[in-house]
Amino acid sequence: MKVKLDVDRCKGCYLCIANCKIGAISKDDKPNKKGVIPVKVDQEKCVQCGNCYTMCPDLVFEIL
Amino acid sequence: MSNRSKKAPKIMKCENKFCAGCGHSLFDRILGEVLTEMNIIGETIVCSDIGCNHMFQYSMAVDVIVPPHGKMGAALTAQKRVRPDKYAITIAGDGGAYAIGLAETVAAATRNENVTMFVMNNTLYAMTGGQAAPTTQLGQISASTPKGRTEKDHGLDFDVFNVMRNLDIAYLARTSVANPSEIRKTKNAVKKAIEKQRDNKGFSLVEVLVPCPTNWGLKPVDAMKRIENELMVRYEMGEIIDK
Ligand SMILES: Cc1ncc(C[n+]2csc(CCOP(=O)(O)OP(=O)(O)O)c2C)c(N)n1
Ligand code: SF4
């Protein structure tokens, strides 16, 4: 695994999707505990650039 | 763990209370990273202004005092003179620092007090419901300028840096949180501002352009685009004073 997510923290701003230059992040199917549709990461595509960590206001991401 | 690993510092103790995509929460993490990397969390007291910006208190494990709204310039001065062994830092709003507290902000700078101000410019009063501030742009719709700010009815917007840049202070910079590159610049400016205080160089102020998607009526991604396309064009960016 390249990036670990705490999806229940996600508030659905989707700044990560807008800033992931290789398009490895997308919306998930089911809502999280907040009732928000969180994001998911394609671990294969991820290059660990860290843009998601940098742009996430809610500390959802940890780059491993 | 790779050399690319990134993890939020422990000072960010729990989830924050900000709206989705709020710029304050991005700034708080940046400050948390800098305080952690400089190893000065225990030597720092943050003067908290009143405004949405004050909500850092709920999610950051750092000592805080809460002076009256806007009076950060005066409160930081007092704090630094009474406790020179502690870093005197504020996270303030543009309403606090540039409207109700403009006199205190400029007076502290005029005296070149050895304190650090981080001013979150979201071009309005967020916490009270999005009323216009001195920073509200011409044409901008806010709760108190429903048809947009006009020069005739509300006057021109005010860039405090026009005054600040002529003062004998240690550090003055403007950055944003609009994209990863700007966030890196903000982190660098935050660190340098605190280092000026460490080295007894005097007053430092970093203005950070932050989005308030809720009161701007924009989706978080579009709010960041407004910063890039409108505010970063309107304002002079980068380091303006670095002594
Ligand atoms: C002395 C005083 N006057 C007015 C208020 C009401 N008030 C609370 S927050 C605020 C302004 C918030 O705007 P800003 O400083 O820009 O911070 P933001 O909410 O945008 O982060 C005001 C006027 C107050 N709390 N105290
Ligand atoms: S109202 Fe604006 S400034 Fe306040 S928490 Fe929400 S997005 Fe942030």
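Colleague: How do the residues of the lining of the largest pocket divide into nonpolar, polar and charged?

Modeller: This is a predicted model, where local features need pLDDT of at least 70, side-chain atom pairs count only at pLDDT 80 or more, and totals for chains, interfaces and linings use all residues. Residues are numbered from 1 along each chain as its sequence is written, chains are lettered from A and ligands numbered from 1 in the order in which they are written, and side-chain values use heavy atoms, leaving out hydrogens and water. Ala, Val, Leu, Ile, Met, Phe, Trp, Tyr, Cys and Pro count as nonpolar, Asp, Glu, Lys and Arg as charged, and the others, Gly among them, as polar. On that scheme the lining of the largest pocket holds seven nonpolar, no polar and six charged residues.

Colleague: Which residue of chain A forms a salt bridge with Glu15(B)?

Modeller: A salt bridge is a side-chain nitrogen of Lys or Arg within 4 Å of a carboxyl oxygen of Asp or Glu. The count between chain A and chain B is one. Its closest N and O atoms are 2.6 Å apart, and the partner of Glu15(B) is Lys34(A).

Colleague: What is the area buried between chain A and chain B?

Modeller: Buried area is the accessible area (1.4 Å probe) that two parts lose on being put together, summed over both. Carbon and sulfur atoms give 58% of the area here, and the total is about 2,100 Å².

Colleague: Which residues in chain A lose the most area to chain B?

Modeller: Three residues together account for 27% of what the chain A side buries. They are Lys11(A), Tyr53(A) and Thr54(A).
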